[in-house]
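Me: I've got a structure open and I'd like to work out what packs against what. Can we go through it together?

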Amino acid sequence: MTGKFITIEGSEGVGKSSNIAFIENYLLDAGKDVLLTREPGGTELGEAIRDLLLDAKNTAMCSDTELLLMFAARAQHLEEVIRPALAVGKWVICDRFTDATYAYQGGGRGIPESRIAILEEWVQDGLQPDLTLLLDMPVAAGLERAGQRSAPDRFEQEKLAFFERVREAYLARAKKYDQRFRVVDAEPALATVEAQIRDILDALLKSS
Ligand code: Z5A
């Protein structure tokens, strides 16, 4: 028995957290056994790695270290949480996954895709999400929403141009992998965003 693997992606302030709660409840109401998790993190070791990655004090972290830490956390997450959950038929909702690496470390930091692809193949061994929801909106508007937060982490301290590259990389992946990606317009009011997501989930529920 195999579950479904759903990942949620997007740049700063697009409302991932707000919409993930909706997705979880919608799938629970549909009778699915749901597991909610996140990256970087999702395991005890992964959460410790997350702390290193997000700590605004770690200004000396180079891009390759950042990339390798993302995949170190992911290897643990797949082994300990994601693969076992899928194997017993759970629907795994993951707040960010490898598309975030292509967007942030690839688009944002400028690491070549080919290097990321080597680690992806090594760590995932062919496993890909069944569905990736990309919440998309203009970067400046997203940053304005996110700007209400008090203490920005190491990523949130980046400038507009960084997040523009992140968004472009996400949209390029959505185009390239259009079988599993669905792009959601995240700019309107929450109820309108939820309506788009509901249609996408209904289609997945129907086909499974
Ligand atoms: N990262 C990476 O570089 N490489 C990787 O491989 C992975 C991750 C896996 C942590 O991720 C960082 O890790 C992330 C990328 C990097 N850094 N950044 N940036 P995270 O997912 O934990 O962090 P986040 O991006 O800050 O996510 P978040 O906390 O879920 O924020 P959000 O998407 O912006 O969601 P939100 O908190 O729900 O919404 C923001 C605000 O907007 C909030 O006040 C809401 O009430 C409001 N909101 C939401 N929707 C609406 C609508 N529709 N209208 C009006 N207002 C709204």
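Reply: Sure! Let's fix one term: a contact means heavy atoms within 4.5 Å. Also keep in mind that this is a predicted model.

Me: OK, so what does L133 touch, leaving out residues up to four places away in sequence?

Reply: Use that contact cut-off, heavy atoms within 4.5 Å, and skip residues up to four places away in sequence. What's left for L133 is T7, I8, E9, I23, R182, V184, I197 and I200.

Me: Which element gives the most residues to the largest nonpolar core?

Reply: That core has 22 residues, and I6, I8, I23, L27, L133 and I197 have the most contacts inside it. Two or more residues each come from β1 (4-10), α1 (16-29), β3 (91-95), β4 (131-136) and α8 (190-207). The top giver, with six residues, is α8.

Me: How many residues are in the second core?

Reply: This one is separate from the core we just looked at. Its members include M61, L134, F155 and V166. The count is 20 residues.

Me: Back to β1: is it mostly covered or mostly open?

Reply: Buried means under 20% relative accessible area. Six of the seven residues in β1 are buried, so by that cut-off the strand is mostly covered.

Me: And which residue in β4 does T7 stand opposite?

Reply: Start with the pairing: β1 runs parallel to β3, joined by five bridges, and F5 stands opposite V92 there. β1 also pairs with β4 in the parallel sense, over five bridges. In β4, the residue opposite T7 is T132.

Key: Residues are numbered from 1 along each chain as its sequence is written. This is a predicted model: local features need pLDDT of at least 70, side-chain atom pairs count only at pLDDT 80 or more; totals for chains, interfaces and linings use all residues. Side-chain values use heavy atoms; hydrogens and water are left out. A nonpolar core is a set of buried Ala, Val, Leu, Ile, Met, Phe, Trp, Tyr and Cys residues joined through side-chain atoms within 4.5 Å. Buried means under 20% relative accessible area, exposed over 50%, partly exposed in between (1.4 Å probe, protein chains only). Helices (H or I, at least four residues) and strands (E, at least two) are DSSP runs, numbered from the N terminus. Two strands pair if DSSP finds at least two bridges between them.
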